[in-house]
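Thank you all for coming; I would like to take a few minutes to walk through one structure. Please have the sequence and the coordinates open while I talk.

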Amino acid sequence: KMSTEAFRFAEVFSYESLVHAMAGAAGSVTAMTVFFPLDTARLRLQVDEKRKARSTPAILSEIVKEEGLLAPYRGWLPVICSLCCSNFVYFYCFHSLRASWLRGHKSTPSRDLLMGIAAGVVNVLVTTPLWVVNTRLKLQGAKFRNADIRPTNYSGIMDAFVQIIEDEGVGALWNGTFPSLLLVLNPAVQFMIYEGLKRQLRSLVHRELLSLEIFLIGAVAKAVATTFTYPLQTVQSILRFGQHKQHTDRSPLLNSLRSVLYLLINRVRKYGMLGLFKGLEAKLLQTVLTAALMFLLYEKIASSTFSVMGVKRPASSH
């Protein structure tokens, strides 16, 4: 029994999981920096209801004209910090779970999905406060079309944490956790499709995949996952922004469920079904390109680290 426990422990805290986590974090930070302005356009469209849904370049040129050249990169540092932590936690959990669950067994789409969901839940609970803070910082000083939005005045990441806790209570740092937990399906579906397509293609071509093939697989996986979960992402952004009045008369879970349903129904009532997908073009452009580049960098960094260290990558991770 003890040796099994020790074996499991060694797998969870293994060098291999650490390499995957570092590679995932580095890949995502680089990819996000490259396509960051697209994320700025998406967030404005989701949160500022009065802003017309134009094409992404038009939205970006509007933001630059009104708020200056660096406005599309507003909030870059907190986003990058959150993303680095978030992807590190996600990749680490995913590969640790994989090492201890699979143990020489073949990976299947359903197993990948389960591991993706488990890694996602841990990730959401640990990193939601970072995402709440960075949504606020990213939108601070923005010129909104919607006049009801209250301006905030945070001087940085730590100040935002302090002010939110003082003004709204510690619970506000977990605003949007409920849709985030539902959105765990997004990276889980993405990982499942990505791993599945990678396995299929490998069995067809019997060689290491080319950079372009990894890029395309990453893009397809993310496009499907994003479109599938986009309405919930809009609700998550609105809740994190903290301007939606939440009911406080019931349990937090019921309040969260009510807020999510209310925001979804309200959006459909005002703008029709397409209102749920406002900003999807910017989101798809940004996340698909970011995810594809992230997966490509992640694979390259992980495999080159393994080969430099002379570690043979286990078959299970393919």
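**Helix 7 and its surroundings**

Let me begin with one element: helix 6, residues 109–139, is included in what covers the buried residues of helix 7. I should say at once that this is a predicted model, and that every value I quote is computed from it. The buried residues of helix 7 are Ala 160, Phe 161 and Ile 164. Seen down the helix axis, these buried residues fall within an arc of 100°, and so they line one face of helix 7. The general background is that an α-helix has 3.6 residues a turn, so residues three or four places apart point the same way. On the face of helix 7 that is turned away from its buried side, we find the exposed residues Met 158, Glu 166 and Asp 167.

As for the geometry of the helix itself, helix 7 runs over residues 157–168, and its 12 residues should span 16 Å at 1.5 Å a residue, which agrees with the 16 Å between its end C-alpha atoms. Just after helix 7 comes Gly 169, which takes a positive phi of about 90°.

**The fold as a whole**

Stepping back, the protein has 12 helices and 0 strands. Of its 318 residues, 50% are buried, and its accessible surface comes to about 15,200 Å², with 69% of that belonging to carbon and sulfur atoms. If we take the contacts between residues at least 6 apart in sequence, 78% of them join residues that are at least 24 apart.

**The cores**

Which residues have the most contacts inside the largest nonpolar core? They are Phe 91, Phe 191, Tyr 194, Ile 214 and Phe 295, in a core that has 38 residues. Among the helices that each supply at least two residues of this core are helix 5 (76–102), helix 6, helix 9 (185–205) and helix 10 (211–241). Helix 12 gives the most to this core, with 8 residues. Looking more closely at Phe 191, and leaving aside its neighbours within four places in sequence, we find that it is in contact with Tyr 90, Phe 91, Phe 94 and Phe 295. There is also a second, separate core of 9 residues, which includes Val 132, Leu 137, Tyr 154 and Ile 164; this brings us back to helix 7, since Ile 164 is one of the buried residues of that helix.

**Charged pairs**

I turn now to the salt bridges, of which a search of the whole structure finds 10. In one of them, the side chains of Arg 199 and Asp 112 meet at 3.2 Å, N to O. Arg 199 lies in helix 9 and Asp 112 in helix 6, so this pair ties together parts that are 87 residues apart in sequence. Are these two residues buried or exposed? Both Arg 199 and Asp 112 are buried, and both belong to a network of salt bridges that also links Arg 98 and Glu 195.

A further pair joins the side chains of Lys 198 and Glu 299, at 2.8 Å, N to O. Because Lys 198 lies in helix 9 and Glu 299 in helix 12, this salt bridge ties together parts that are 101 residues apart in sequence. Lys 198 and Glu 299 are both buried. Finally, Glu 67 forms a salt bridge with Arg 74, with the closest N and O atoms 2.9 Å apart; Glu 67 counts as buried because its relative accessibility is 15%, and the cut-off for buried is under 20%.

**Two loop residues**

I will close with two positions in loops. Arg 54 is found in the loop between helix 3 and helix 4, and it is partly exposed, with a relative accessible area of 40%. Leaving aside neighbours within four places in sequence, Arg 54 is in contact with Ile 59, Glu 62 and Glu 281. The C-alpha atoms of Arg 54 and Lys 278 are separated by 9.5 Å, although these residues are 224 apart along the chain.

The other position is Met 273, in the loop between helix 11 (252–271) and helix 12 (280–308). Met 273 is exposed, with a relative accessible area of 55%. From C-alpha to C-alpha, Met 273 and Pro 231 are 9.7 Å apart in space, and in sequence they are 42 residues apart.

Note on methods
Residues are numbered from 1 along each chain as its sequence is written. This is a predicted model: local features need pLDDT of at least 70, side-chain atom pairs count only at pLDDT 80 or more; totals for chains, interfaces and linings use all residues. Side-chain values use heavy atoms; hydrogens and water are left out. Helices (H or I, at least four residues) and strands (E, at least two) are DSSP runs, numbered from the N terminus. Buried means under 20% relative accessible area, exposed over 50%, partly exposed in between (1.4 Å probe, protein chains only). Contact means heavy atoms within 4.5 Å. Accessible areas come from the Shrake-Rupley method with a 1.4 Å probe; for residues, only the protein chains shown count as cover. The expected span of a helix is 1.5 Å times one less than its number of residues. The arc is that of the directions from the helix axis to the C-beta atoms. A nonpolar core is a set of buried Ala, Val, Leu, Ile, Met, Phe, Trp, Tyr and Cys residues joined through side-chain atoms within 4.5 Å. A salt bridge is a side-chain nitrogen of Lys or Arg within 4 Å of a carboxyl oxygen of Asp or Glu.
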